[in-house]
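Let's take a walk through a protein structure together. Keep the 3D view open and click along as you read.

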Amino acid sequence: MQNRRKATLIGLIAIVLWSSIVGLIRGVSENLGATGGAAMIYSVASGLLLLTVGFPRVREFPRAYLVWGSLLFVAYELCLSLSIGYANSGRQAIEVGMVNYLWPAFTILCAILFNRQKSSLLIVPGFLTAVLGICWVLGGEQGLDPAGMVRNIQNNPLSYGLAFAGAVIWASYCTVTNRIANGKNGITLFFMLTALALWGKYLLSGESSIVMTGSGLIYLALAASAMGFGYAAWNVGILHGNVTLLAGASYFIPVFSAALAASVLRAPLSASFWQGAALVCAGSILCWFATRGRPSGASPS
């Protein structure tokens, strides 16, 4: 029982670490550049995962998991890091991060459609509430304001588009790997592939040279640690802790993430933003209740 409590606590630490990612990625991008900074984060995080999780025995992986898991994971991490890095301001980075947190609702919807996950009619109001929350956030100071939301997205369609695509891709990753992974965990390999993809983009994009600064190094160390140790801690929690408690806590990541990012980036958030964030959490929780079962243990990145 004591070991289970410790594992659950470690899993909860992972949630705190992941909640800090939006603010830390933005801090790295402001100091080291959007692409180069992200490449540095995943490179350092890969090293941390090698030390904590180790390198997997790739030959034992199902081929479908190796191919589709790699493609979907790398695509998601690119969308996540670059959507935040390309944001025009700290406030916009937080909004972009909130769009990414549509993934829990999308994941459960995909599980119902493709994995024959049983659910109740709660899935309908749950999904609509999560989407309404995002619309509320993007409406700005006025809350639910369709015209304001459209203007906001038009201000930076690339960042918002990448964040939305990332939510869909991560839902696909969770759905696909749940069926084909056969209990294997390729997280270290996937992080290394993500780093390689980002370095390739950096070399081809002509982005300015990376200039290391004191603040940049601090943000880099914190962001890489949050990602690398976050995944390692989550694995411990899911394998040995209270999965139900961890899953319930993970649905509050949007609120935790916004609060930490607002503090790190010194970007005050309006009451309407918090209302929207609360709706995103409520919608995800309703979707979870709709399945009436235990979650698959997908990482809440």
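What follows is a tour of a few helices, the loops between them and some residues worth finding.

First, a word of caution: this is a predicted model. With that in mind, start at helix α3, which covers residues 34-52. How far apart should the ends of α3 be? At 1.5 Å a residue, its 19 residues should span 27 Å, and the end C-alpha atoms are indeed 27 Å apart, so the two values agree. Just past the end of α3, look for Gly54, which takes a positive phi of about 90°.

Now zoom in on Ala39, which sits in α3. Is Ala39 buried or exposed? Its relative accessible area is 0%, and buried means under 20%, so Ala39 counts as buried. Leaving aside residues up to four places away in sequence, Ala39 touches Ala195, Leu198 and Trp199. You can also find Leu78, which is 39 residues from Ala39 along the chain, with 9.6 Å between the two C-alpha atoms.

Next, hop over to helix α4, residues 63-85, and pick out Trp68. With a relative accessible area of 48%, Trp68 is partly exposed. Which residues does Trp68 touch, if you skip those up to four places away in sequence? They are Val176 and Ile180. Tyr173 is another one to look for: it is 105 residues from Trp68 along the chain, yet their C-alpha atoms are separated by 7.9 Å.

Helix α7 is a good place to pause. It runs over residues 123-138, and its 16 residues reach 23 Å from the first C-alpha to the last, close to the 22 Å expected at 1.5 Å a residue. Which residues of α7 are buried? Ile123, Gly126, Thr129, Ala130, Gly133, Ile134, Val137 and Leu138 are. Follow these buried residues outwards and you'll see what they pack against: α5 (90-100), α6 (103-114), α8 (146-155), α9 (157-180) and α14. Just after α7 comes Gly140, with a positive phi of about 80°. Remember Gly140, as we'll come back to it.

Moving further along the chain, we get to Thr213, in the loop between α10 (187-205) and α11 (214-240). Thr213 has 30% relative accessibility, so it counts as partly exposed. Its side chain makes a polar contact of 3.4 Å with the side chain of Ser215. A polar atom of the Thr213 side chain also lies 3.0 Å from the backbone nitrogen of Gly216. For a partner from elsewhere in the sequence, try Asn31: it is 182 residues from Thr213 along the chain, but the C-alpha atoms are 7.4 Å apart.

The last stop is a pair of helices, α13 (residues 253-265) and α14 (residues 271-291). They pack at an angle of about 150°, with their axes 8 Å apart. Angles over 145 degrees count as roughly antiparallel, and α13 and α14 are therefore roughly antiparallel to each other. What do they put in contact? From α13 come Pro254, Val255, Ala258 and Ala259, which meet Phe273, Trp274, Ala277, Val280 and Cys281 in α14. By class, that contact has nine nonpolar residues, no polar ones and no charged ones.

The loop between these two helices deserves a look too. Arg266 is found there, and at 76% relative accessibility it counts as exposed. Most residues other than glycine have a negative phi. Arg266 goes the other way, with a positive phi near 55°.

Ser270 is in that loop between α13 and α14 as well. Is Ser270 buried or exposed? With a relative accessible area of 11%, Ser270 is buried. Its side chain is joined to that of Ser272 by a polar contact of 2.9 Å. And here's Gly140 again: not counting residues up to four places away in sequence, Ser270 touches Arg91, Gly140 and Glu141.

Ser272 itself belongs to helix α14, and it counts as buried at 6% relative accessibility. To finish, find Gly139, which is 133 residues from Ser272 in sequence and 8.4 Å away in space, C-alpha to C-alpha.

Notes:
Residues are numbered from 1 along each chain as its sequence is written. This is a predicted model: local features need pLDDT of at least 70, side-chain atom pairs count only at pLDDT 80 or more; totals for chains, interfaces and linings use all residues. Side-chain values use heavy atoms; hydrogens and water are left out. Helices (H or I, at least four residues) and strands (E, at least two) are DSSP runs, numbered from the N terminus. Buried means under 20% relative accessible area, exposed over 50%, partly exposed in between (1.4 Å probe, protein chains only). A polar contact is a pair of N or O atoms within 3.5 Å; within protein, one must be able to donate a hydrogen and the other to accept it, and residues adjacent in sequence count only if both atoms are side-chain atoms. Axes are lines fitted to C-alpha atoms, for helices over the stretch in contact, and angles run from 0 to 180 degrees between N-to-C directions. Angles under 35 degrees count as roughly parallel, over 145 as roughly antiparallel, 65 to 115 as roughly perpendicular and the rest as oblique. Contact means heavy atoms within 4.5 Å. Ala, Val, Leu, Ile, Met, Phe, Trp, Tyr, Cys and Pro count as nonpolar, Asp, Glu, Lys and Arg as charged, and the others, Gly among them, as polar. The expected span of a helix is 1.5 Å times one less than its number of residues.
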